[in-house]
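Colleague: I'm new to this structure and would like a close look at a single part. Pick one spot with charged side chains, please, and then take me onward from there.

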Amino acid sequence: MKANLYYLLIISLYFAPFNNCVMAQEKSIEKNIDSLLQQMTLEEKVGQMNQYNGFWDVTGPAPQGGNAEIKYEHLKKGLVGSMLNVVGTEEVRKLQKLVVEETRLGIPLIFGYDVIHGYKTLAPIPLAEAASWDMEAIENSAKIAAQEASAVGLNWTFAPMVDISRDPRWGRVMEGGGEDTYLGAEIAKARVKGFQGDDLSKPNTLAACAKHFAAYGFAEAGKEYNTADIGTSTLYNAVLPPFKAAVDADVKTLMNGFNILNGIPVTGNKMLQRDILKEKWGFDGFVISDWSSVGEMVPHGFAEDLKHAAELGVKAGSDMDMESSAYVLHLVENVKEGKVDESLIDDAVRRILRVKFELGLFEDPYKYCNEEREKEELYHEDHQAAVLDMALKSIVLLKNDDNLLPLKKDQQKIAVIGQLANDNNSSLGSWRLGSDNNTGVSVLEGLKNQSINFSYEQGPRIFNEEANFLNEVKVNETDTSGMQEAVALAKESDVVLMVLGEHGFQSGEGRSRTQLDLPGLQLDLLKAVHEVNKNIVMILMNGRPLAIHWEAENIPAILETWQLGSQAGNAITEALFGDYNPSGKLPMTFPRSVGQVPIYYNHFSTGRPDPESTVFWTHYGDEKNEPLFPFGYGLSYTTFKYTDLEIDTNNQNSIEVSATIQNTGKVTGKEVVQLYIHDKVASVVRPVKELKGFQKISLAPGASQKVTFILTDKELGFYNHDYEFVVEPGTFGVMVGTNSQEGLTGTFVLN
Ligand code: GLC
């Protein structure tokens, strides 16, 4: 039986393009690849390593020579392995048909897209999802995104972005899991599983792509595309673990990035992509470059020209070239001139074909072109319910003096003020390529949906309406018209909802800021309202931590709502009126001022950590060391008490740490119980605190629960400078708490 299948396959491979390749078991994929590779010309192999952008959505600078005519020519010659930014079953089918039926071997294309937090139905931005600390919800959110994206012909997403970053000036913090490696690794796993499901050949799953490999989040000064210059300990212990977690979760692709790392562009970095990723970690998928990052090794000053860049990229383990054309124009020449060994081409092509086989594209190149699904899946009500749930879980209550929140329905005269309250786009964030304008439920709409009576004044217009994915957001710094009307409304109201923050396109790629305050005249507006009415709830809508020092000092209630996606207004309303009790915790530190940045909880001690009578200790003369709100921080409409910390060191290979948490308030609430350790003395200094476990529990009023964490070598060890994972004996501090600064502390000695 198997032999027949095999010969059938060889015959079908030899005589006819793929349109009905019988997919055998996974173990035969390698044989299929071998037989295909043997038949491919060098040009066709290089073609598989070439990705072109579709002919409309452009998510980066359009390269020279990448015009439609050349692309069509190359498609017909089998010189394109993948397309990005092509969506819709009709367009995908058209290009797939062209390649499958007109090229010699009919190798199907793989279609990639930035499905970052949803396709049409948008979940909260990833940084907001991270604030939920709810891995099940995050996995489900990615699953929903795959449902919709695969319904429009896509089979590959350029997500999850797993870049650790400690600098909110960088616009792309909105796209990741925050500052912490442990939380970031857990999120990476959840998102890969959500996108890829348990069977990648199913038509409602996507190949995932962990990006950007590596250290893009450490761009100096948070400036986009800037140099990253970090030591091996930070690389090994802070940056790489979320990528390793994605690889261990069987992520099919990685994307490298634009930055150099210690002087070498990551796209040309053999240590990263071959030595660590492919050798040490055994990664068997493929690496795609970032948009034109192969070609950008020339302006980096690392490659002489595009031909040299092609050589350096493939030697370093970049398997597919996104949009720079370096590979398709120069790799054949490089091989023929002996500059690149064909075995490197074969390895890259094998990896690419493997993912295409695993996706089932050889079995049925049109499996993602299901017009019925396209009609049924997009904006499905089940998806709206799922992203509403995700949004609720992502909200962080930062302040609630005198329990101003939750508000009572119809018992107060409510004023709503701020341009963002009436914005149907900003809550969708900047990575909303696939979605449609004005599909985010605004705060005003959310209030109306719950029949809440309120009055609204926009106040001064802060952002220009013409902002889009490509241009700068223009911010009004001078025109105060609208201010008086807003203040007058506030004056006659019982409570004022101030909806303030950033425009949806003020964070994301290319969106770095030097300041972290509320843009434009928003703080002036807030202070003017505060003059006439102190009962203010500030609803923050932002894509990054903000330095809201005055606000935190003077505003009694603050809800951090990030950019919550399609159901933003409904989620915010439910939280405001207590239909949902906020349970989010900050995945990134909020600074008191931008001058403190980078500021993060898992910092090192330094040699002079303690205050002195002189100036000779680690501090600023004009600012505190402490953040405004620490990592892991978030309040609830109830309160929790932590007692009975126990540390059990009698187990053979683990340390058991437990504590009891009680709901001491009047309503049911969820609490993210966090476990931190501190390896006090080690051969490579360790952070003063490191998250090594968390559990989100739900407690009714008065109820208690004992929460237990198990610490093993995996949690207690770290990578040394030789990239060896080591566990060293000695004293460890441990804390079980409600955030990275507050909890029960103890120590144990590891022998
Ligand atoms: C962009 C981004 C990357 C994205 C790619 C394709 O420049 O850096 O994250 O996936 O290009 O759009």
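Modeller: Let's start at Asp401, which is partly exposed, with a relative accessible area of 34%. Keep in mind that this is a predicted model. The partner of Asp401 is Lys399, and the two form a salt bridge in which the closest N and O atoms are 3.5 Å apart. A salt bridge here needs a side-chain nitrogen of Lys or Arg within 4 Å of a carboxyl oxygen of Asp or Glu, so that distance counts. Lys399 is buried, since its relative accessible area is 12% and the cut-off for buried is under 20%. So this pair joins a partly exposed Asp401 to a buried Lys399. As a general point, side chains of opposite charge can pair when their charged atoms come close.

You can see a pair like that inside a helix, too. Lys315 and Glu311 make a salt bridge with 2.7 Å between the closest N and O atoms. Both sit in helix H12 (residues 306-316), 4 residues apart, which is about one turn of the helix. Lys315 is partly exposed at 31% relative accessibility, whereas Glu311 is buried at 12%.

Now try Asp275 and Lys270, whose side chains meet in a salt bridge at 2.8 Å, N to O. Here Asp275 is partly exposed, at 28% relative accessible area, and Lys270 is partly exposed as well, at 44%.

Salt bridges can also link up. Asp114, Arg172, Glu175, Lys211 and Glu509 are tied into a network of them. Across the structure there are 47 salt bridges. Disulfides are another story: a search of the whole structure turns up 0. As for cysteines, Cys209 is buried at 0% relative accessibility, and Cys369 is buried too, at 4%.

Back to lysines, have a look at Lys393 in helix H16 (residues 381-394). Lys393 counts as buried, at 13% relative accessibility. What is Lys393 in contact with, leaving aside its neighbours within four places in sequence? You'll find Ala131, Ser132, Asp134 and Ala137, then Tyr580, Ser583 and Gly584, and also Lys670 and Lys696.

H12, where we met Lys315 and Glu311, comes up again with helix H13. In H13 (residues 326-336), 8 of the 11 residues are buried, so the helix is largely enclosed by the rest of the structure. Those buried residues are Ala326, Tyr327, Val328, His330, Leu331, Val332, Asn334 and Val335. What do they pack against? Their neighbours are H12, helix H3 (42-48), helix H4 (68-76) and helix H14 (342-358), along with strand S1 (50-53) and strand S10 (321-322). Just after H13 comes Gly338, which takes a positive phi of about 80°.

Last stop, the largest pocket. About 780 Å³ of space lies in this pocket. It is lined by 26 residues, and the closest to its centre are Tyr600, Tyr601, His603, Phe604 and Asn625. How many of the lining residues are nonpolar, polar and charged? The lining has 13 nonpolar, 10 polar and 3 charged residues.

To come back to your spot: find Asp401 and Lys399 and look for that 3.5 Å salt bridge, then try Lys315 and Glu311 within H12.

Definitions and conventions: Residues numbered from 1 in each chain as written. Predicted model: local features only at pLDDT ≥ 70, side-chain atom pairs only at ≥ 80, totals over all residues. Heavy atoms only, no water. 1 Å grid on protein atoms, 1.4 Å probe; cavity = no way out; pocket = protein on both sides within 12 Å on 5 of 7 lines; lining within 4 Å. Points joined across faces, edges and corners; volume = space filled by probe spheres on them. Nonpolar A, V, L, I, M, F, W, Y, C, P; charged D, E, K, R; others polar. Buried < 20%, exposed > 50% of the residue type's maximum accessible area, 1.4 Å probe, protein only. Helix = DSSP H or I, 4+ residues; strand = E, 2+ residues; numbered from the N terminus. Disulfide = S-S within 2.5 Å. Contact = heavy atoms within 4.5 Å.
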